[in-house]
Amino acid sequence: MANEPVSNSPKQLLLFDGHALAFHSWFTSYPNEVMPGFFGMLKASIRKHTPTHVIVTFDPPPPTFRHKLYPDYKANRPPVPDGLLEDCERVRERLESLDVVFCTVQGYEADDVLGTLSTRASVSGFQTMILTSDLDLLQLVSPITEVEVFSQYWAKRSFDVEAAKRRFGGLAPENIPDYKALAGDTSDNLPGVPGIGAVAATAVLGEYGNLDKVYEDLEAISKLPIRGARRVSRLLAEHREQAFLMRTLTTIVCDVPVDVDIDGALIKESGL
């Protein structure tokens, strides 16, 4: 089962990143509103992927554990527009009326709930499709989990393992947090390791795979055939603690206490 493509399992789970796609709907509509775009995407995705089960996840009010570890987490983001959160509440009310399962876990982002549910699903015989506007979720891609990404800047894309690797310079999906630990992530206000950009991060991880192996022998990194190898080695040594903190912040948690029965999230005759 674990090596089969997503389309081959009789149990198909669709996970919908509720907050991310609510924001996407708000900013891609005129006038700004969530409901039409959100439910349009949800209905179109159900028609396209024909899942047997569907769950929608939402972010809780901050802070999450990431804010507690790093107070500047997402501090660069503008305030939520007036009306958007109210629209999100109307979305939840509508989902409830349609008997669609949705959930939030205090202290954890929707990404963590998605990671936990997709992990549980993988050991329960499900193939999973995650719908989002957040490329961070590509770290969850596996032979039985794909991610479809909506964007206001480019056409919707689906990512399997090979597509996720291409997006991150050949790195495996599980090594995306290692990459962001070094290169940073401006969208989440995470600096990574100062002075280590995308090119150096990709080169170093392409050689060693993950952050733990990178730090096993920094002297060896100084001899890599990459530009500024000695400088890269020095910067890694100077910012070791920050690098591992960044990885913790960018790693999706896959064992949060989600009180949801996936088998009970069957699609019902609800108008979707």
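Begin by selecting helix H11: the elements that cover its buried residues include H7, H8, H9, helix H10 (218–221) and H12. The model on display is a predicted one.

**Stop 1: helix H11**

Within H11, highlight Ala 229, Val 232, Ser 233, Leu 235 and Leu 236, each of which is buried. These residues lie on the same side of H11, because the arc they cover around the axis is only 165°.

**Stop 2: helix H7**

Next, select residues 176–183, which form helix H7. This helix is mostly covered, with seven of its eight residues buried. To display the buried set, choose Ile 176, Pro 177, Asp 178, Tyr 179, Lys 180, Ala 181 and Leu 182. The cover over these buried residues of H7 includes helix H8 (198–208), helix H9 (211–214), helix H11 (229–238) and helix H12 (240–250). H11 is thus among the elements covering H7, and H7 is in turn among those covering H11. Then step to Gly 184, which follows H7 and has a positive phi, near 85°.

**Stop 3: where H7 meets H12**

Keep H7 on screen and add H12. The axes of the two helices come within 8 Å, and they cross at roughly 130°. H7 and H12 are therefore oblique to each other, and their crossing is right-handed. For the residues at this meeting, show Pro 177, Asp 178, Lys 180 and Ala 181 on the H7 side, with Ala 243, Met 246, Arg 247 and Thr 250 on the H12 side. The four H7 residues shown here also belong to the buried set of that helix.

**Stop 4: the nonpolar cores**

Now centre the view on Ile 55. Together with Leu 117 and Leu 138, Ile 55 is one of the residues with the most contacts inside the largest nonpolar core, which has 55 residues. Neighbours within four places in sequence aside, the contacts of Ile 55 are Leu 13, Leu 14, Leu 15, Phe 16, Val 101, Cys 103, Leu 117, Val 260, Ile 262 and Ala 265. A second, separate core has 23 residues, among them Phe 16, Ala 22, Val 34 and Cys 88. Phe 16 therefore deserves a second selection: this residue is in contact with Ile 55, yet belongs to the second core.

**Stop 5: Thr 64**

Finally, select Thr 64, in the loop between strand S2 (53–57) and helix H3 (65–69). Is this loop residue, Thr 64, buried or exposed? Its relative accessibility is 3%, so Thr 64 counts as buried. Apart from neighbours within four places in sequence, Thr 64 is in contact with Gly 107, Tyr 108 and Glu 109.

Key:
Residues numbered from 1 in each chain as written. Predicted model: local features only at pLDDT ≥ 70, side-chain atom pairs only at ≥ 80, totals over all residues. Heavy atoms only, no water. Buried < 20%, exposed > 50% of the residue type's maximum accessible area, 1.4 Å probe, protein only. Contact = heavy atoms within 4.5 Å. Core = buried A, V, L, I, M, F, W, Y, C linked by side-chain atoms within 4.5 Å. Arc of directions from axis to C-beta. Axes fitted to C-alpha atoms, helices over the stretch in contact; angles between N-to-C directions. Parallel < 35°, antiparallel > 145°, perpendicular 65-115°, else oblique. Left-handed = near helix turned anticlockwise from the far one by under 90°.
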